[in-house]
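Dear colleague,

I am handing over the structure below, and after it I set out what was found, topic by topic. Please read the notes with the structure open beside them.

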Amino acid sequence: MSSKIAKYEGTEITPEDLRRERYLMTTYHTSLSYAWSSGVATGKYLAGLKEGEIWGRRCNGCERTLVPPRMYCEQCFRATSSWVRLEDRGKVVTYSVSYVNSDASRRDQPIIVAVIEIAGGSPMMGILHLLGEVAPEKVRVSMEVEAVWKSQQDREGAITDIVYFRPRRKE
Amino acid sequence: MEKAGRSTIVLLKTGRVEIIGVGYEGFRPVVSDLSTRELMFQAASKAYDDASVNPRRDVGSFICCTEDLWEGWSITDEMVPDQIGAAGRPLCTIPADAVTGLGTAVMHILSGLAEVVVLEAHSKAADVLDKNAVEVMAQEPSLLRPLGATSDTLAGLEMDAFLRTSGFSLKDVNRAVVRGKASALRNPRASYGGKFSEADVESSEILSSPLRVADKAEFAEAGIVLVLASEAWAKKNKRDSVGIDGVAWNSSLPWIEGGEMSVSGYAQRSYSDAVRRAGFKGDLEDFDILELDDTYSYKLLQHLLSLAGTKAAARRILSGKRTALNPSGGSLGVGNLVEASALHRLLECALQLRGEAGSIQVKGAKKALVQSWRGIPTGTGGVAILSR
Ligand SMILES: [Zn+2]
């Protein structure tokens, strides 16, 4: 509201009016549901995760390895050429300590969301995932991390088969 | 009928726009092996090969006709560019049917924005588990949705009024279904061809009277891409092409509010504008091929009547002596491709005019007309006139 206008003409609808349904309210609930075909590339990627493996696709045109994999290279506009098994580790490219849930409510404990450049993929080929076993203030860009997998019987072919990435333990 | 202004009309001031390439993939009830993106990539790759263009170099603008609720993905723009060669290049998605998309492409070319434009649309209808939920979201939320009527109910209401006011009978509707299914048997792109009798249609289960299951096109999946270029570009680069003589689109009030029952104003006005633009002096019967929207069987007759002007002219076209009506089998035979339905009709006409329609080829076809409709509960559609 403009600083020069303290009150507009007309009848104000207050939050109390809405709560008490003094006006006609239309509330509509829908149940939109989808089952997206994963396709060849994402299908193989998810099947790999179930086996505890991360797979990428190699483009013979630009010689990049794409992860998550795609059957086409968006730069060369050609079909990608071959599957490449990548390591289940990488390094942090960027991260954010998040205090909000996906419904915008506040979290007590933050999650650390990061883009992780997977070892064996091309530079800046990153996947989005969570970081764990590390305090927010200890996270650094370029930090080496490794995947922590769900147990084999709990894996279902989903991105959440990796629980999170944690700082790499040197062998 | 409400008084409406001029349709959005594209003025072809500096020569025609040409279709220089077509590509498609899918055309099955369910394309389960490919993701939406992979389906689009396959269709685009074929179209670019057909047009002999490199999308990374030759294409100045990409247009994708898509609707977020059918994708299950908000702001779909983000998932479109990579797989059609548009990464880092000008692309827009428009939530409209492909005749409107074609008009947009024509404007991009004739305004000098681009010499070569790509037009894409696809259907992954089987990914949408509750299609009814999506369709009901198109209804006005305070006055229509609370009543619990589905799209099929609204279609049933319109069909009932159409049969009472147009002079067409249920027998005519039955024949429309039979001919669509029969034509589709010869079309390799059709998923729902079959030898149906009028009795089969008659005995089909009622959805919402008088609309029956057989009156409604079943869903199918496909990816379709057209490559368009200015006439000058096509000539200079020696591309074989099909010309776009005129394109127009229009909206009426939905029939529920507007009361248009026997004819559809959007189709009439789009037709008269497209014809004027094309400088076409003949009648509807002078087209060699008509691909008219038949998402519901009675809509084919309503659209035909709207364009033909009189019942007698519409009946002459239905007799099939001069003009081929929906030789592809239409949506009733090929399947409802949601936002790709209009692009499918354009594809069929482009193949026909190139003489590449195979077993459904209309001999000597030189002039074709496509008419589109955006579906219940809209009163929106367009017309495109193509020639060779
Ligand atoms: Zn490449």
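Between chain A and chain B the count of salt bridges is 0, in what is, please keep in mind, a predicted model. The two chains nevertheless bury about 2200 Å² between them, and 63% of that area lies on carbon and sulfur atoms. Polar contacts do occur across the interface of chain A and chain B, where 11 residue pairs, both partners at pLDDT 80 or more, satisfy the rule. On the side of chain A that touches chain B, at least two residues each are supplied by α2 (39-50) and by β4 (78-79) of chain A. The largest share of that side, 3 residues, comes from α2(A). Sorted by class, the side of chain A that touches chain B holds 12 nonpolar, 8 polar and 2 charged residues. Counted over both partners, the contact draws 22 residues from chain A and 34 residues from chain B.

Over all chains, by contrast with the interface, the count comes to 38 salt bridges. As a general matter, side chains of opposite charge can pair when their charged atoms come close. One example is the salt bridge that R164(B) forms with D160(B), in which the closest N and O atoms are 3.1 Å apart. Because R164(B) and D160(B) stand 4 residues apart in helix α5 (residues 151-165) of chain B, about one helical turn separates them.

Chain A also carries a metal site, in which the zinc ion is coordinated at 2.3 Å by the SG atoms of C59(A), C62(A), C73(A) and C76(A). The site of the zinc ion is tetrahedral, with angles of 107 to 113° among its 4 donor atoms. Along the sequence, the donor residues of the zinc ion follow the spacing C-x2-C-x10-C-x2-C. Two of these donors link distant parts of the chain, since C59(A) sits in the loop between β1 (54-58) and β2 (65-66) of chain A, while C76(A), 17 residues apart from C59(A), sits in the loop between β3 (72-73) and β4 of chain A.

The loop between β1 and β2 of chain A is also the place of E63(A), and the phi of E63(A) is near 60°, a positive value in a residue other than glycine.

As background to that value and to the next points, most residues other than glycine have a negative phi, and most peptide bonds are trans. In chain B, the peptide bond from S209(B) to P210(B) is cis, with omega near 0°, and P210(B) is found in the loop between β6 (206-208) and β7 (211-212) of chain B. The peptide bond from I376(B) to P377(B) is cis as well, with omega near 5°, and P377(B) has its place in the loop between β12 (367-373) and β13 (380-387) of chain B.

With best regards

Key. Residues are numbered from 1 along each chain as its sequence is written. Chains are lettered from A and ligands numbered from 1 in the order in which they are written. This is a predicted model: local features need pLDDT of at least 70, side-chain atom pairs count only at pLDDT 80 or more; totals for chains, interfaces and linings use all residues. Side-chain values use heavy atoms; hydrogens and water are left out. Contact means heavy atoms within 4.5 Å. Buried area is the accessible area (1.4 Å probe) that two parts lose on being put together, summed over both. A salt bridge is a side-chain nitrogen of Lys or Arg within 4 Å of a carboxyl oxygen of Asp or Glu. A polar contact is a pair of N or O atoms within 3.5 Å; within protein, one must be able to donate a hydrogen and the other to accept it, and residues adjacent in sequence count only if both atoms are side-chain atoms. Ala, Val, Leu, Ile, Met, Phe, Trp, Tyr, Cys and Pro count as nonpolar, Asp, Glu, Lys and Arg as charged, and the others, Gly among them, as polar. Donors are N, O and S atoms within 2.8 Å of the metal (3.2 Å for Na, K and Ca); water is not among the atoms, so sites may look incomplete. Four donors count as tetrahedral if all angles lie between 85 and 135 degrees; four count as square planar and six as octahedral if opposite donors are over 155 degrees apart and all others between 65 and 115; anything else is irregular.
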